[in-house]
There are 2 protein chains.
Amino acid sequence: MKNKIVRIKDIAEKAEVSKGTVDRVLHNRGRVSEEARERVLKIIQEMNYEPNLIARTLKSNKVYHIAAIIPDPLIDPYWEAPKSGLEKAEKELRHYGISVTPFIFNPYNVDSFLKKAKEATQSEPDGILLAPVFYREVLSFFDQWNVKRIPFVLFNTQIPDAAPLSYIGQDSYQSGYLVAKLLTFGLPEPCTFLVAHINEDIPNSAHLIKKEEGFRNYFVDKKLEDKYKVVRLELGNPDSGLFTEQLNKVRQQHPDLKAIFVTNSKAYEIAFYLEKHRIDNIKLIGYDLLPKNLYYLENSIINFLINQNPKGQGYWGIQQLTDFLVFKKEIQPIKYLPLDIITQENLSYYVDNEA
Amino acid sequence: MKNKIVRIKDIAEKAEVSKGTVDRVLHNRGRVSEEARERVLKIIQEMNYEPNLIARTLKSNKVYHIAAIIPDPLIDPYWEAPKSGLEKAEKELRHYGISVTPFIFNPYNVDSFLKKAKEATQSEPDGILLAPVFYREVLSFFDQWNVKRIPFVLFNTQIPDAAPLSYIGQDSYQSGYLVAKLLTFGLPEPCTFLVAHINEDIPNSAHLIKKEEGFRNYFVDKKLEDKYKVVRLELGNPDSGLFTEQLNKVRQQHPDLKAIFVTNSKAYEIAFYLEKHRIDNIKLIGYDLLPKNLYYLENSIINFLINQNPKGQGYWGIQQLTDFLVFKKEIQPIKYLPLDIITQENLSYYVDNEA
DNA sequence: GTAAAAAATGTGCTCGTACACATTAATATT
DNA sequence: AATATTAATGTGTACGAGCACATTTTTTAC
């Protein structure tokens with residue numbers, strides 16, 4: 001059987017050199033005669049040697065510091081999941097020398113972001129994981145990190161101009177497209193759909209625009225523009241009276257409103273409104289498995305949730321950086337997570353059961 | 001910082017014993033005074049020591065042989081995915097001493113199964129991964145393996161009476177339930193649904209019955225029995241004329257037939273029928289991302305597929321056995337994989353991108 | 001031709017854990 | 001009290017890769 005695991009020692013013996021020489025060939029440390037080099041290289045090929053990553057990391061007790069620049073979960077609960085994901089990854093990878101330091105900023109305050117990003121940069125980390133909530137402000141940091149050669153991984157929000165080591169998240173456009181499919185599947189008759197952006201700085205939130213774009217283009221592509229009408233609404237703070245007013249008005253203007261698509265994780269705000277006004281003929285789709293969303297999903301007020309797998313995003317972010325720093329693997333520049341469709345009936349298998 | 005990793009040596013020093021003693025405490029190898037035992041145990045708690053699994057497996061060069069008893073992918077293409085999943089796992093885990101030997105049987109031939117299962121048993125493996133296609137025949141093997149103390153993991157088909165180390169797969173009942181939800185969501189008007197079992201030995205296929213049960217119970221639970229009618233059909237070999245005849249007949253008997261639920265991975269057979277007869281007012285839901293199914297999903301003849309994640313099943317099966325054999329971890333007796341809802345629009349993120 | 005410099009190759013220790021073996025301390029037996 | 005027996009504890013090495021350092025071989029300089 002070829003089942004035997006090939007070690008450096010085996011190669012050394014077969015090539016009639018010492019393992020030191022094999023090591024030099026493997027890592028291009030020079031000081032090897034061309035003759036020996038070729039012989040060793042050939043044998044490595046033949047026996048298709050694969051280094052034992054386990055033994056490798058055991059040796060080097062280098063600690064890799066990763067700075068995780070993420071929004072405060074206490075301010076927006078959405079960010080709890082990514083945080084727990086990266087904590088999980090850190091726990092798993094501690095023995096490989098991975099150490100993660102969170103730099104937590106207020107997602108509604110640019111200065112807070114600037115401060116924390118600066119702190120993170122000054123800590124001279126070996127890698128950075130970042131949720132780039134503020135599009136404009138983050139760009140100059142990318143330059144700094146590129147100069148300093150600090151690899152950085154983005155998640156949640158895709159930034160086209162950046163050249164990160166990797167982006168982890170969903171294809172926003174496609175997720176809007178998917179939502180349109182689901183709603184038209186459930187509503188075969190002509191009607192009106194509402195795209196609701198809740199409490200967001202829209203011009204600075206490219207991914208939300210992408211979602212709306214995908215949503216609208218579905219109707220174009222499928223030639224359904226005559227059948228369905230799409231309206232949009234930028235809603236402010238749900239606690240204000242304006243919020244309710246805006247919704248009342250849109251319902252009045254569009255009596256055939258049959259579905260609402262919420263582009264972020266705050267579908268529960270709309271659900272609260274629907275429940276309060278005892279409206280049960282409007283379907284509702286949103287994002288993410290927050291407890292409040294799950295509550296309304298269970299009560300059939302929310303019909304579907306698209307799981308952005310935020311925990312997985314944090315988890316895979318750290319994993320990607322580890323693969324790069326520790327294992328020196330090739331990193332895929334974009335890692336799209338699946339667009340999970342969640343409903344009452346399959347919910348339990350997605351809650352706390354992933355990655 | 002608590003960032004320092006705790007080693008056995010650290011514990012030994014703090015407890016003023018040698019690392020040998022700590023080792024004996026950790027592994028209950030006896031020969032330790034009660035006094036020392038308690039002291040060490042306390043310090044292990046305090047410093048919350050976690051063994052370095054990396055170093056652990058590096059030491060022991062034991063090879064664990066796992067026998068994988070699975071159906072032949074050449075006979076039923078469904079089984080390609082589990083096979084590739086377990087191959088992927090083997091590759092990842094080779095350096096932990098995991099070696100997987102496939103024992104491949106004909107899923108339509110009991111004798112072939114008996115022969116291979118016997119061979120696998122005689123090879124005296126350290127663990128067994130099994131797709132228990134033949135319910136009755138597999139039971140005696142469970143007894144044998146229990147006597148020999150060979151841990152076995154089941155996947156794909158849940159067997160209630162068995163007490164495997166772990167079952168990996170989906171909750172069949174719930175998946176039927178989910179399908180009912182999707183269909184009623186898309187078909188708000190009263191109509192008839194067909195549950196189709198294609199080319200299966202139904203009495204011996206508990207998981208297919210469970211699917212139907214879940215499907216039917218959805219209507220009961222939601223008080224929709226008056227609105228929707230459910231009929232069932234056991235279809236034989238799709239290549240025979242009978243197959244088409246049966247379908248024709250059921251359509252004739254139920255003119256308001258609006259959806260078909262195929263309980264296994266052969267939805268493409270019905271799709272072929274629907275396409276051939278140019279029927280586009282019957283929705284179709286089935287299982288698994290086989291190339292043929294994907295083709296019809298792309299063409300909108302199949303509306304949804306439930307992904308049973310067969311690749312993941314093979315992968316996690318080997319992972320579970322490795323966790324048990326190599327890492328001595330606690331194993332969860334049931335590992336339900338999520339009920340992924342797949343449609344044209346989110347398909348690409350599930351194809352070859354998992355586990 | 002010899003010594004010095006450079007190139008090539010070899011040796012040995014480290015990482016954290018597990019286990020075999022060696023050693024010491026505490027009882028039991030005569 | 002001396003020896004045998006058992007219990008308790010300590011010591012040392014292996015696993016595979018990586019790297020510093022030691023050693024050998026070849027080349028260069030005079």
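**View 1. How chain B maps onto chain A in this predicted model.** Turn chain B by 179°, shift it 0.2 Å along the rotation axis, and it superposes on chain A with an RMSD of 0.4 Å. The two copies are thus related as by a two-fold rotation axis. If you want a landmark in chain B, look for G186(B): its C-alpha comes closest to the axis among the residues of that chain, at 2.0 Å. Of the interface residues of chain B, 100% are also interface residues in chain A, so the copies meet through the same surface.

**View 2. Helices α2 and α3 of chain A, packed together.** Here α2(A), residues 19-26, meets α3(A), residues 34-46, at an angle of about 80°, and their axes are 10 Å apart. An angle of 65 to 115 degrees counts as roughly perpendicular, and α2(A) and α3(A) are therefore roughly perpendicular to each other. From α2(A), V22(A), V25(A) and L26(A) make the contact, and α3(A) answers with R37(A), V40(A), L41(A) and I44(A). By class, that contact has six nonpolar residues, one charged and no polar.

**View 3. The six-stranded open sheet of chain B.** Follow the strands in the order β7-β6-β8-β9-β10-β12, with mixed pairing. At the edges sit β7 (228-235) and β12 (340-342), each pairing on one side only. From one strand to the next, the twist averages 20°.

**View 4. Inside and across the chain B sheet.** Strands β6 (191-198) and β8 (257-262) of chain B pair in the parallel sense over five bridges; in one of them, F193(B) has A259(B) in β8(B) as its partner. Helix α12 (291-298) of chain B lies across β9, β10 and β12, running at about 145° to β10(B).

Technical notes:
Residues are numbered from 1 along each chain as its sequence is written. Chains are lettered from A and ligands numbered from 1 in the order in which they are written. This is a predicted model: local features need pLDDT of at least 70, side-chain atom pairs count only at pLDDT 80 or more; totals for chains, interfaces and linings use all residues. Side-chain values use heavy atoms; hydrogens and water are left out. Axes are lines fitted to C-alpha atoms, for helices over the stretch in contact, and angles run from 0 to 180 degrees between N-to-C directions. Helices (H or I, at least four residues) and strands (E, at least two) are DSSP runs, numbered from the N terminus. Angles under 35 degrees count as roughly parallel, over 145 as roughly antiparallel, 65 to 115 as roughly perpendicular and the rest as oblique. Contact means heavy atoms within 4.5 Å. Ala, Val, Leu, Ile, Met, Phe, Trp, Tyr, Cys and Pro count as nonpolar, Asp, Glu, Lys and Arg as charged, and the others, Gly among them, as polar. Copies are superposed by least squares on the C-alpha atoms of residues with pLDDT of at least 70 in both. Two strands pair if DSSP finds at least two bridges between them.
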